[in-house]
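Biologist: Could you pick one part of this model and take me through it closely? I'd like to hear how it sits among its surroundings, and then where you'd look next.

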Amino acid sequence: MVLSVRNLQANYGSLKVLFGVDLDLGEGETLALVGANGAGKTTLFSILTGLLPAAQGDVQLQRRSLSGLSARQLVRQGIAMVPEGRKLFPSLSVEENLMTGAYAGRPGPWQLDRIYELFPTLEPLRNRPSPALSGGQQQLVAIGRALMANPILLLCDELSLGLSPSAVDTVYAGLRKVREEGVSMVIVEQDIARALTESDQFACMRHGEIALSGVSRGADLAAISAAYFGEKHHA
Ligand SMILES: Nc1ncnc2c1ncn2[C@@H]1O[C@H](COP(=O)(O)OP(=O)(O)OP(=O)(O)O)[C@@H](O)[C@H]1O
Ligand SMILES: [Mg+2]
């Protein structure tokens with residue numbers, strides 16, 4: 001197991017947001033995390049990256065507990081995130097943005113030349129200020145920056161938000177290559193059909209819980225939609 005999450009609970013002040021989330025992810029696997037607005041997907045990522053402390057529960061990376069580690073320590077352990085909205089440093093060039101991802105100093109294959117090999121469109125833009133790039137190109141920089149940390153686990157939040165269909169295709173073509181390199185991933189994606197095609201497993205969150213999970217290939221879209229929108233099934 002690369003990632004195992006057990007009974008994870010989280011609060012924002014007195015507001016309870018996660019109510020006991022369990023997840024397992026094997027080496028090289030991709031998990032698609034879907035769910036409506038406010039379901040708790042980003043909150044889960046905030047805990048996995050040390051931005052929010054868990055109220056209860058445990059997270060293990062390669063069977064080692066991560067409890068109490070800071071954001072910086074978690075990057076050093078091998079967790080990197082592509083945050084929603086990319087959050088590039090606007091005053092830095094493309095290449096400087098990529099370099100910020102390497103600060104944890106983890107050894108591994110993901111160096112600048114590998115990022116430019118993965119996303120050839122970025123190389124001629126390397127000295128441009130990041131705001132001069134299109135949204136799709138900026139997303140590639142954000143993915144590249146996270147890869148520069150040489151993660152074991154890559155968390156991707158809403159990669160396709162606001163991008164053109166062709167930019168989304170480019171993003172996922174890149175991620176497929178990353179997957180082939182054996183990086184485990186959790187991707188949050190609004191487009192359920194896309195989420196299923198790009199993943200091995202899926203988990204559908206609703207109101208801070210995993211409402212449904214399973215294998216992506218051949219998954220029942222109607223059942224996922226039902227879990228997503230919260231229709232109640234009484235057996
Ligand atoms: N910083 C915060 N302070 C207080 N409440 C928050 C904060 N961030 C999120 N919440 C609340 O926590 C719940 C879960 O939000 P979260 O952002 O994790 O959902 P999400 O599944 O990522 O949704 P979206 O699809 O809109 O990104 C929501 O009710 C949200 O309003
Ligand atoms: Mg979110």
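**A close look at one helix and its surroundings**

Modeller: Let's start with Glu158, which has a relative accessibility of 8% and therefore counts as buried, since the cut-off for that is under 20%. Before going on, keep in mind that this is a predicted model. Glu158 sits in the loop between E7 and H6. It isn't a glycine, yet its phi is positive, at about 50 degrees.

That loop takes us to the part I'd pick, helix H6, which runs over residues 165–180. H6 has 16 residues, and from its first C-alpha to its last it reaches 23 Å, close to the 22 Å expected at 1.5 Å a residue. Which residues of H6 are buried? They are Ala167, Val168, Val171, Tyr172, Gly174, Leu175, Val178 and Arg179. These residues cover an arc of only 155 degrees around the axis, so they lie on the same side of H6. Over on the other side of H6, Pro165, Ser166 and Glu180 are exposed.

And what covers the buried residues of H6? The list includes three strands, E3 (30–35), E7 (153–157) and E8 (184–188), along with the helices H4 (112–118), H5 (135–147) and H7 (192–197). After H6 comes Gly182, and its phi is positive too, near 95 degrees.

From there, H5 is a natural neighbour to visit. H5 has 13 residues and spans 18 Å from first C-alpha to last, close to the 18 Å expected at 1.5 Å a residue. H5 is mostly covered, with 11 of its 13 residues buried. Among the buried ones in H5 are two glycines, Gly136 and Gly144, two glutamines, Gln138 and Gln139, and also Arg145. The cover over the buried residues of H5 includes H6, H4 and E7, plus strand E6 (79–82) and helix H3 (94–100).

Those last two elements point to another loop, the one between E6 and H3, where Lys87 is found. Lys87 has a positive phi, near 50 degrees, and is a residue other than glycine. Is Lys87 buried or exposed? It has a relative accessible area of 53%, so Lys87 counts as exposed, the threshold being over 50%.

Now back to E3, which is part of the cover over H6. The loop between E3 and H1 holds Gly40, which counts as buried because its relative accessibility is 6%. Leaving aside neighbours within four places in sequence, Gly40 is in contact with Val17, Leu18 and Met205. Gly40 and Thr100 are 60 residues apart along the chain, and their C-alpha atoms are separated by 28 Å.

Gly40 also brings us to ligand 1, which has 14 residues around it. The closest of them are Gly38, Gly40, Lys41, Thr42 and Thr43. How do the polar atoms line up there? A backbone N or O atom of Ala39 lies 3.2 Å from an oxygen atom of ligand 1. In the side chain of Lys41, an N or O atom is 2.7 Å from an oxygen atom of ligand 1. For the side chain of Thr42, the corresponding separation between an N or O atom and an oxygen atom of ligand 1 is 2.8 Å. On its own, ligand 1 has 640 Å² of accessible area, and the protein covers 60% of that. Two elements give two or more residues to the shell around ligand 1, namely strand E2 (15–25) and helix H1 (41–48). H1 gives the most, with three residues.

H1 itself is mostly covered, as seven of its eight residues are buried. The buried residues of H1 are Lys41, Thr43, Leu44, Phe45, Ser46, Ile47 and Leu48. Just after H1, Gly50 has a positive phi of about 80 degrees.

One last stop is Ser213, in strand E10 (residues 209–215). Beyond its neighbours within four places in sequence, Ser213 is in contact with Phe202 and Ala203. Computed along the sequence, Ser213 and Arg86 are 127 residues apart, with 27 Å from C-alpha to C-alpha.

Conventions. Residues numbered from 1 in each chain as written. Chains lettered and ligands numbered in written order. Predicted model: local features only at pLDDT ≥ 70, side-chain atom pairs only at ≥ 80, totals over all residues. Heavy atoms only, no water. Helix = DSSP H or I, 4+ residues; strand = E, 2+ residues; numbered from the N terminus. Expected span 1.5 Å × (residues − 1). Buried < 20%, exposed > 50% of the residue type's maximum accessible area, 1.4 Å probe, protein only. Arc of directions from axis to C-beta. Contact = heavy atoms within 4.5 Å. Near = heavy atom within 4 Å. Polar contact = N/O pair within 3.5 Å; in protein donor to acceptor, adjacent residues only side chain to side chain. Areas by Shrake-Rupley, 256 points an atom, 1.4 Å probe, with all protein chains shown as cover.
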